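Please open the structure in your viewer and keep the selection panel at hand. The tour goes from one selection to the next and says what is found at each stop.

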Amino acid sequence: MGPPRSKKDVRSFLGKVQFISRFIAKLTSTCEPLFRLLKKGVPFAWDDRCQKAFEAIKANLHKPPVLMLPVTGKPLILYLSVTLSSMGCMLAQEEDDGVERAVYYLNKKMVGPEERYTHLEKTCWALVWASKKLRHYMLAYPVKLISRMDPLKYLFQKSALTGRMARWFLMLVEFELKYVTRKSVKGRAVAEFLADCPIEGGEDAEFKFPDEDIMTVTEEVWQLYFDEPANQKGFGIGVLLISLDGSHIPLAFKLNFEVTNNQAEYEACIVGMEATIEIGI
């Protein structure tokens with residue numbers, strides 16, 4: 001297979017590779033030089049970076065990793081890596097001999113407003129995106145999360161989430177997720193994946209989140225309001241949590257199934273109670 005000679009060839013090559021992306025780790029970041037060739041107004045110039053990326057992809061195709069089916073009764077391990085412009089994750093499971101085997105690879109390039117998120121927001125967004133793609137796995141197994149920082153601590157313990165952070169929080173409550181440190185996990189698959197995801201400048205011994213001092217409250221009463229709208233466009237639910245210091249946490253969702261008005265109110269009540277349980281009220 002020769003290197004692409006035009007933008008059309010690059011698009012064709014990337015389309016074929018994307019079809020088998022679940023077998024290739026860090027595919028999006030590897031293809032970054034090729035993506036730049038497709039930008040509007042950028043002339044086609046095949047340089048050393050493009051050739052290096054092309055050869056790396058060919059090497060993966062010549063020696064593809066063997067993926068395994070998950071075994072019932074054992075937890076899955078989700079390795080999450082986030083860079084400035086892309087994210088990658090590997091779903092793995094430890095066998096009886098202590099060796100970890102890859103189950104699934106995911107890669108995605110950040111576009112538009114996603115590139116302007118803070119690093120913590122990018123990590124939370126990457127976890128939510130991966131959970132949507134791997135939902136059929138994550139609902140059936142408990143999942144251990146391995147990442148440079150712990151987005152679960154921010155989403156599940158911060159008492160005042162608004163906007164997209166609140167939406168991300170509710171999208172994760174249905175999964176049995178637990179964050180564990182890298183030191184507590186070992187395996188060949190781990191080493192191979194982390195070798196492709198180097199972190200410059202080392203790691204902090206402890207990642208400190210902002211506003212951790214507001215996690216502890218001395219009183220016991222929050223306020224929960226919930227209601228449901230129903231019209232020709234569909235059914236939705238709305239929830240409002242008011243914290244002890246008067247902070248308002250609004251939540252809104254659209255139901256993808258038909259319900260009566262009373263049923264929709266019950267759904268809103270359930271969502272509100274689940275949110276309070278996960279926050280730890």
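**A tour from one buried residue outward**

Begin by selecting Thr276, which is buried because its relative accessible area is 17%, where buried means under 20%, exposed over 50% and partly exposed in between, with a 1.4 Å probe and protein chains only. This is a predicted model, in which local features need pLDDT of at least 70, side-chain atom pairs count only at pLDDT 80 or more, and totals for chains, interfaces and linings use all residues. Residues are numbered from 1 along each chain as its sequence is written, and side-chain values use heavy atoms, with hydrogens and water left out.

Thr276 belongs to helix H10, and, once its neighbours within four places in sequence are set aside, Thr276 is in contact with Leu241 and Ile281, contact being heavy atoms within 4.5 Å.

Next, select Met273, which also lies in helix H10 and counts as partly exposed because its relative accessibility is 41%. Add Leu224, Phe226 and Ile270, and together with Met273 they show a nonpolar surface patch of about 320 Å². Strand S6 (223–227) and helix H10 (261–279) are the elements that each give two or more residues to this patch.

Finally, select the whole chain, whose secondary structure comes to 10 helices and nine strands, these being DSSP runs numbered from the N terminus, with at least four residues (H or I) for a helix and at least two (E) for a strand. Of the 281 residues in the chain, 41% are buried.

Definitions and conventions. Patch = residues over 30% accessible without salt bridge, like charges linked within 9 Å, V, L, I, M, F, W, Y side chains within 5 Å. Areas by Shrake-Rupley, 256 points an atom, 1.4 Å probe, with all protein chains shown as cover. Salt bridge = Lys/Arg side-chain N within 4 Å of Asp/Glu carboxyl O.
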